[in-house]
Amino acid sequence: MHMTKQENKITLLENQSSLEFLPRLTEYLNGPKIYIKRDDEGGRSGGGNKLRKYERIIGEAISKNCDTLIIAGHYQSNAARALVGSACQLGLKSIVVCKELIPQQNESFLHNGNALLMNIMGAHIVSIKPQDDFMASMEKIAKDIETKGGKPYIIPFGGSNLLGALGYVDCIEEIIEQSKEKSIDFPDYIFTAIGSGGTQSGLLAGIKKNKLESKVIGISVLHKKDIAERIVSDLTFETLKFLSIETESKDNINIDDNFIGGGYGFTTESSIEVIKLVATLEGIFLDPVYTAKAMTGLIDYIKKGKIQKDDSVLFIHTGGSPLIYAYYDKLFD
């Protein structure tokens, strides 16, 4: 484990995630050049965007001599699975406070995917009732740990706070470097799934920091547009302030909530088709909850001419492929 002075950042990602051109998807859509940033492939415990966020969040916990990480989520949470894996890697304890957020699921959902991986890693999972408050439950557990001489640290929901957003400022700077290495222009558009908001906030702050003109389009999988815009706007503003970057307003937040379908964690007919399309064309797996809906949005924008053929688009693959196994019945019903 390495730690730098900057925000007590530790290293959970030893290498940059790859930046790849998707030639067959580009040809299939007869549209702009489509690239993908493979944040699904790096790190341990199944990878994903949370590891960028945890490099500073867990780094802060370690700097405070905390020995137990506490996170809230559901039984298929990518954030929880990545947190448990990071704790295993670093020799820390972890506790996952879980409740049912995606109702009416079968046995496959309850025991496969991230739930299976967390159990293999020996996760300490505390189940609470659907009506119980996450924060109150985590604070109670934290107090119990303190009375026993431990030192707990509560992870922000989805890893989406200032420290987490800074991980995606790093990502923009990786993309700049990789674009130069590949002799390609920095993309005109960046698409990402948006749940708790930290990924898009970091990308926007990174764009502003490096004086780029690219548009970041967040495809919401959780909140309606107005709520998501407020979350992303506030966190982007906070991140820019931390970086001492002046910004005139909290505008220019592009969020589309047209692809949520029945709600968070519910598949759509289009997103299932997109999972199969990208897998058959490119051999890349998207997940039903986040990246498939974001890619559905990107494809829709191209088909409707919202992105011109001479533009270039970068899709941030935020991970979550273990969810495919939990949603087996939805893929092949």
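Where in the chain does lysine 306 lie? Lysine 306 sits in the loop between α11 and β10 (312–317), and we come back to that loop in Figure 5. Everything in these legends refers to a predicted model.

**Figure 1. The whole chain, with 13 helices and 10 strands.** The radius of gyration is 19 Å, close to the 20 Å that the globule rule gives for 333 residues, so the chain is as compact as a globular protein of that length. Its C-alpha atoms fill a box of roughly 60 × 50 × 35 Å along the principal axes. Of the 333 residues, 58% are buried. Take the contacts with a separation of 6 or more, and 78% of them are made by residues 24 or more positions apart. On the outside, the chain exposes about 15000 Å², with carbon and sulfur atoms supplying 49% of that area. As for charge, there are 38 positive and 43 negative ones, and their mean positions are 3 Å apart.

**Figure 2. Close-up of threonine 291 in helix α11.** How much of threonine 291 is accessible, in relative terms? The relative accessible area of threonine 291 is 0%, so this residue counts as buried. Look beyond the residues up to four places away in sequence and you'll find threonine 291 touching Leu286, Phe315, His317, Thr318 and Gly319. The threonine 291 side chain also reaches back to the backbone nitrogen of aspartate 287, at 2.8 Å. Another residue to pick out here is phenylalanine 191: it is 100 residues from threonine 291 in sequence, yet the two C-alpha atoms are 9.8 Å apart in space.

**Figure 3. Close-up of threonine 296, found in helix α11 (residues 291–303).** Threonine 296 has a relative accessible area of 11%, and it counts as buried because that value is under 20%. Setting aside neighbours within four places in sequence, its contacts are Phe259, Ser270, Ser271 and Val274. The side chain of threonine 296 reaches the backbone oxygen of alanine 292 at 2.6 Å. If you zoom out to histidine 111, 185 residues away along the chain, the C-alpha separation from threonine 296 is 27 Å.

**Figure 4. Close-up of two arginines, 56 and 52, in helix α2.** Which side chain makes a polar contact with the side chain of arginine 56? The partner is aspartate 170, and the distance is 2.8 Å. Arginine 56 lies within the helix spanning residues 50–63 and is buried, at a relative accessible area of 1%. Arginine 52 counts as buried too, at 5% relative accessibility. Its side chain is joined to the side chain of serine 17 by a polar contact of 3.4 Å. There's plenty more to look at around arginine 52: leaving out neighbours within four places in sequence, its contacts are Leu13, Ser17, Lys37, Asp39, Gly167, Tyr168, Cys171 and Glu174. For a wider frame, bring in glutamate 282, which is 230 residues from arginine 52 along the chain, with 25 Å between their C-alpha atoms.

**Figure 5. Close-up of lysine 306, in the loop that joins α11 to β10.** Back to the residue we opened with. At 42% relative accessibility, lysine 306 counts as partly exposed, because the partly exposed class runs between 20% and 50%. Apart from residues up to four places away in sequence, lysine 306 touches two tyrosines, Tyr189 and Tyr301.

**Figure 6. Close-up of asparagine 30 and its positive phi.** Asparagine 30 isn't a glycine, but its phi is positive all the same, at about 50°. You'll find asparagine 30 in the loop between α1 (23–29) and β2 (33–38). Is asparagine 30 buried or exposed? With 55% relative accessibility, asparagine 30 counts as exposed.

**Figure 7. Close-up of serine 183, in the loop between α7 (162–181) and β7 (189–194).** Here's another residue that is not a glycine and still has a positive phi: for serine 183 the value is about 55°. At 67% relative accessibility, serine 183 counts as exposed, because the value is over 50%.

Technical notes. Residues numbered from 1 in each chain as written. Predicted model: local features only at pLDDT ≥ 70, side-chain atom pairs only at ≥ 80, totals over all residues. Heavy atoms only, no water. Helix = DSSP H or I, 4+ residues; strand = E, 2+ residues; numbered from the N terminus. Rg over C-alpha atoms; globule rule 2.2 N^0.38 Å. Buried < 20%, exposed > 50% of the residue type's maximum accessible area, 1.4 Å probe, protein only. Contact = heavy atoms within 4.5 Å. Areas by Shrake-Rupley, 256 points an atom, 1.4 Å probe, with all protein chains shown as cover. Lys, Arg positive; Asp, Glu negative; His and termini not counted. Charge placed at Lys NZ, Arg CZ, Asp CG, Glu CD. Polar contact = N/O pair within 3.5 Å; in protein donor to acceptor, adjacent residues only side chain to side chain.
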